[in-house]
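User: I am new to this structure and would like a close look at one part of it. Please take the surroundings of the bound ligand and go through them step by step.

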Amino acid sequence: MNTIVTLDEFIIQRQKDFSYASGELTGLLRDIGVAAKIVNREVNKAGLVNIIGVEGSENSHGESVQKLDMYANDKLIDCLKNSGECCGIASEENESFIPIKSVASKNAKYVVVFDPLDGSSNIDVNVSVGTIFGIYRRKSNVKGPCKLGDFLQKGTELVAAGYVIYGTSTILVYSTGSGVNGFTLDPSIGEFCLSHRDIKIPARGQYYSVNQGYYLKFDVDMRRYIDYCSDLNLRLRYIGSMVSDIHRTLLVGGIFLYPNTRKYPNGKLRMLYECNPLSYLIEQAGGKAITTGMERILDIEMTDLHQRSTIVMGSPDMVDEMKAFVQRYSIPAVSKNSANGVS
Ligand code: AHM
Ligand code: MG
């Protein structure tokens with residue numbers, strides 16, 4: 001008989017592997033797991049209760065906020081506030097970070113960043129959405145409140161990151177820097193159970209994933225590369241929920257792209273809440289993540305909580321090939337400007 005390993009058992013087991021671990025990170029991960037179960041319960045019954053639909057407010061990016069987003073946001077904040085292991089939170093749904101007063105005189109060492117419900121435009125049509133999170137060790141003094149600088153750290157400083165996908169099954173995938181593991185929620189016992197041990201992304205895959213509807217709004221380099229993917233007979237898959245697109249990419253390989261468009265000249269996806277945590281996971285699984293300017297995502301300096309970036313990530317050979325392709329065929333700056341109608 002196969003032995004079931006629950007998320008809690010696995011986290012505790014892993015803590016024993018690190019002699020320096022104090023248990024705080026372990027506690028945080030467990031609290032995120034609890035919040036994920038609560039959010040999962042509501043996502044699953046979204047069609048039954050009057051919780052779906054636009055709430056009527058706008059988030060800090062000027063986008064309409066849906067009720068389930070706010071529910072997930074509130075639950076994650078509540079769970080983390082009560083944990084006592086976290087001194088501050090930054091959420092995609094909040095303009096500023098939220099300092100947390102120390103609980104039971106603990107001097108919490110970590111800050112948590114998250115996108116509570118990524119892909120929210122998909123909620124009303126029953127397509128998979130997800131929660132993305134990242135954990136950083138604070139830079140400021142543990143005796144005082146957390147500061148902006150605790151959040152504006154490069155992705156290389158992440159101590160843990162993960163996501164939860166609320167899909168055909170609910171799966172939590174995380175890494176603390178020594179590989180990536182996935183846990184599927186067994187609703188009959190209410191536990192996340194180890195189902196995807198030590199995930200390794202294939203070196204290549206059959207899929208490219210990009211919003212092809214924006215094709216004419218992409219730079220010529222990206223258009224050519226997308227044509228090349230099509231010429232290679234790669235299959236196009238684009239869910240429009242980054243967690244779902246990255247989950248597929250992680251398991252079966254492929255390349256995911258969100259280049260700059262006219263509407264989003266710096267790219268749409270947020271560094272802190274989407275690009276960094278998911279790039280960390282992809283790298284931990286053996287993949288690569290760069291900008292369309294060929295810079296490693298995890299090396300990008302952070303200047304703003306809601307900073308955006310372009311992104312190309314996935315199977316290592318495919319990202320390398322994209323880089324080589326664009327470098328080989330890129331139009332020199334002068335003629336590129338004239339190609340875009342700029343004189
Ligand atoms: P969100 O955080 O507001 O849901 O936006 C992020 C989402 C990603 O999940 C997804 O990859 C992307 O936006 C889809 O954008 P588009 O519809 O422009 O292709
Ligand atoms: Mg998002």
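How many residues surround ligand 1, and which are the closest?

Analyst: The model is a predicted one. Around ligand 1 there are 17 residues, and D118, Y214, Y238, M242 and Y258 are the closest of them. Sorted by class, this shell holds seven charged residues, five polar ones and five nonpolar ones.

Three contacts involve oxygen atoms of ligand 1. In D115, a side-chain N or O atom is 3.3 Å from an oxygen atom of the ligand. E274 places a polar side-chain atom 3.1 Å from a ligand oxygen. G119 uses its backbone instead: an N or O atom there lies 2.7 Å from an oxygen atom of ligand 1. On its own ligand 1 exposes 470 Å², and 88% of that is buried by the protein.

Two elements give two or more residues to the shell around ligand 1, namely β5 (110-118) and β14 (269-270). On the scale of domains, ligand 1 lies between domain 1 (7-196) and domain 2 (207-329), because both give residues to its shell.

Some of these residues also serve the magnesium ion, ligand 2. Its protein donors are E92 (OE), D115 (OD), D118 (OD) and E274 (OE), at 1.9 to 2.8 Å from the ion. Along the sequence, the donor residues follow the spacing E-x22-D-x2-D-x155-E. Of these donors, D115 and D118 are both buried. D115 and E274 thus appear twice: each is a donor of the magnesium ion, and each has a side-chain contact with an oxygen atom of ligand 1.

Terms used: Residues numbered from 1 in each chain as written. Chains lettered and ligands numbered in written order. Predicted model: local features only at pLDDT ≥ 70, side-chain atom pairs only at ≥ 80, totals over all residues. Heavy atoms only, no water. Near = heavy atom within 4 Å. Polar contact = N/O pair within 3.5 Å; in protein donor to acceptor, adjacent residues only side chain to side chain. Areas by Shrake-Rupley, 256 points an atom, 1.4 Å probe, with all protein chains shown as cover. Helix = DSSP H or I, 4+ residues; strand = E, 2+ residues; numbered from the N terminus. Nonpolar A, V, L, I, M, F, W, Y, C, P; charged D, E, K, R; others polar. Domains from an automatic or database assignment. Donors = N, O, S within 2.8 Å, 3.2 Å for Na, K, Ca; no water. Buried < 20%, exposed > 50% of the residue type's maximum accessible area, 1.4 Å probe, protein only.
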